[in-house]
Amino acid sequence: MSIPDKKTLGMLKEKAYKIRTSCVRMIHKAKSGHVGGSLGLSDIFAALFFKILNHDPANPHWEGRDRFVLSNGHVVPVLYASMAYAGYFPVEELMTLRELGSRLQGHPSRTNLPGIEISTGSLGQGLGVAVGMALAARQKNQFHRVYCSIGDGESQEGSIWEAALSAGHYKLDNLTVFMDRNFIQIDGNTEDINALEPVADKWRAFNWHVIEAYGNDFEEIFSAFDKAESLKGKPTIILFRTRLGFPVSFMDGVSKWHGTAPKDEEAQKALEEIDAFYQGGE
Amino acid sequence: MSHYLDKDIFTGPKSKPTRDAFGLATSAMGETDDRIVVLTADVSGSVRADWFAAKFPERFYNMGISEQNMVAVAAGMALEGLIPYVSTFGVFITGRCYDQVRMLLAYSKTNVKLVATHTGITVGEDGVSHQMLEDVALMQVLPNMRVIVPCDTREAIRVLTAIKDMDGPFYVRLGRQNAPLVTSEDAPFELGKALMLQDGDDVTVIANGVLVYEALLAAQNFAEENISVRILNMHTVKPLDHDALLSAAHETGAFVTAEEHQCAGGLGSAVANWCGTNLPVPVEMIGMKDQFGQSGPAEKLQDYYHLRSTDIMDAVRKVLKRKKTS
């Protein structure tokens, strides 16, 4: 993988557009869900599911696949949308999010939907699972990578740091973690509630490589994942500075939109803004 | 005498801690199955994980004092086709990481075997922080979780060996202190099938763990009084053996449960729940009565908290009276 060419960039933009509009539509229809983080992560997820991950949507249990663990399970709409457009399941199914009987549970469920590696939604747990997967890959002499998405607010859970400690201890350089550093949790700014900074220093102190990048820019996203794969001897975390709700102006960086579903007019306005953003180019 | 019983059980039983089974069974399975991995949290000697580690260092993971992470890591390994046997003290492997067990094992149906070594009042001198008396309750309410409380080291080895080939999460409850070898070498283990150690038709004592031996002693004493006691070794709390309970309810009409655990949420609750919803018979319970323990030698604590054969005998007399008047 390397920095994408113009054609690829165009493709990724189109995917990110579809992912974003789907997130708004599904959460609006479900009347609940986490729209802000889902929008903020759409570029990273487009890059992962359409370029970076080595996977086969037609065969979600293919043994050689890269593993992807969503530790911050509440942003699962962005994962569902990415999976659907990648071909894991029909795009129409997205609109069943959170409905009775749907495979698209409010938080990811591995027993419901093939392609979900592990059920999450209770924060702080996915990273430890990813560590176990990376250890197992090493023991079995397998060469796929393990990717894990964590939230910044989630990193107030002690279990994140238990997992960080052990990944550093085992020098798991087949593990790439990225943090959605948007500074927003339900009740407000992470630094007001339970400050994480200096967060890069913390990971370095736990014996990790740390990469800092902007998570709403494809070139930065690719060069960060590229570098993560090349770094050896330690696990790597990418601290992606993202914008919650991006590119919807009234959601951008507003903590209310961490976990609130848009009402009819808000959804309409959000979709219009997303349309305008992509028509106008970046 | 049932051929399921060790021949010396009433004359001078040999004793071993059931925790030895963890080291013995995992070391033996490790020889033939390289999917077996063992994880522990800085208690490798206490749980006998060091026996496995000595033979298979590359498949042994000491996760340090991080039980929540240990359970999460085990789930990740299980997803990759390994079979993690995870062991630490009962209080930490259930209570400390309950949410991980719920989400990553029970809900996610991962193939992880949790094996607690220090459980119940017989942990002894360490006191309340280490005497886990609520673990069976916590585990048996989780969907998909199976819960087993072996009565001796031999049974524990059979259990740990059998569950290797049963997909999905298990909780196996072992103990720290020496426990009499109750069962014979060739006694069977079948998940969810109680082992009848003695037949009888006046009353059924349903016991597991170290209380099985106490139940046998109680039944011996009753033989002189012409009271015929059936003894069920109910090693599997979940799934509970409904057939054995149904026969016992019809044929004996009175139950005494006995366990080294809170009666509430434990074997006693499980049996009473079955009775209430199927075939009501009077039930008396031996176990902890909504109370914590305290420090002391295991033997004395077992006396103090009424977890002895004499206590089972009292409960039997009481339940027989209720049976007559009901």
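**Exercise 1. Which residues of strand S2 of chain B lie on one side and which on the other, and are they buried or exposed?**

*Solution.* Start with one side of S2(B): Ile36(B), Val38(B) and Thr40(B) are found there, and all are buried. Now turn to the other side, where Val37(B) and Leu39(B) are buried too, which leaves both faces covered. Let's recall a general rule: in a regular strand, side chains alternate between the two faces of the sheet. Finally, count along the strand, residues 36-40: five of its five residues are buried. Keep in mind that you are looking at a predicted model.

**Exercise 2. To which strands do bridges join S2(B)?**

*Solution.* Look at strand S4 (residues 83-88) of chain B, which runs parallel to S2(B) and is joined to it by five bridges. In this pair, Thr40(B) has Ser87(B) as its bridge partner. Next comes strand S3 (residues 60-62) of chain B, which also pairs with S2(B) in the parallel sense, over three bridges. Here Tyr61(B) stands opposite Leu39(B).

**Exercise 3. Which residues have the most contacts inside the largest nonpolar core, and where does this core lie?**

*Solution.* The largest nonpolar core has 82 residues, and the ones with the most contacts inside it are Leu175(A), Trp203(A), Leu39(B), Leu114(B) and Phe255(B). Helix H3 (residues 67-79) of chain B gives the most to this core: nine residues. Now for the location: domain 1 (15-180) and domain 2 (195-325) of chain B both contribute residues, so the core lies between them. You can zoom in on Leu39(B): beyond its neighbours within four places in sequence, its contacts include Met70(B), Val73(B), Ala74(B) and Met77(B).

**Exercise 4. Which residues of helix H9 (residues 242-252) of chain B are buried, and which are exposed?**

*Solution.* First list the buried residues of H9(B): Ala244(B), Leu245(B), Ala248(B), Ala249(B) and Thr252(B). Then look down the helix axis: these residues fall within an arc of 130°, so they line one face of the helix. On the other side of H9(B), you will find Asp243(B) and His250(B) exposed. As a last step, ask what the buried residues pack against: S10, strand S11 (229-233), S13, helix H10 (267-277) and H12, all of chain B.

**Exercise 5. What is the order of the strands in the open sheet of five strands in chain B, and which are the edge strands?**

*Solution.* The order is S9-S11-S10-S13-S14, with mixed pairing. At the edges are strand S9 (195-198) and strand S14 (283-288), each pairing on one side only. From one strand to the next, the twist averages 25°.

Note on methods:
Residues are numbered from 1 along each chain as its sequence is written. Chains are lettered from A and ligands numbered from 1 in the order in which they are written. This is a predicted model: local features need pLDDT of at least 70, side-chain atom pairs count only at pLDDT 80 or more; totals for chains, interfaces and linings use all residues. Side-chain values use heavy atoms; hydrogens and water are left out. A nonpolar core is a set of buried Ala, Val, Leu, Ile, Met, Phe, Trp, Tyr and Cys residues joined through side-chain atoms within 4.5 Å. Buried means under 20% relative accessible area, exposed over 50%, partly exposed in between (1.4 Å probe, protein chains only). Helices (H or I, at least four residues) and strands (E, at least two) are DSSP runs, numbered from the N terminus. Domain bounds come from an automatic or database domain assignment. Contact means heavy atoms within 4.5 Å. Two strands pair if DSSP finds at least two bridges between them. Axes are lines fitted to C-alpha atoms, for helices over the stretch in contact, and angles run from 0 to 180 degrees between N-to-C directions. The arc is that of the directions from the helix axis to the C-beta atoms.
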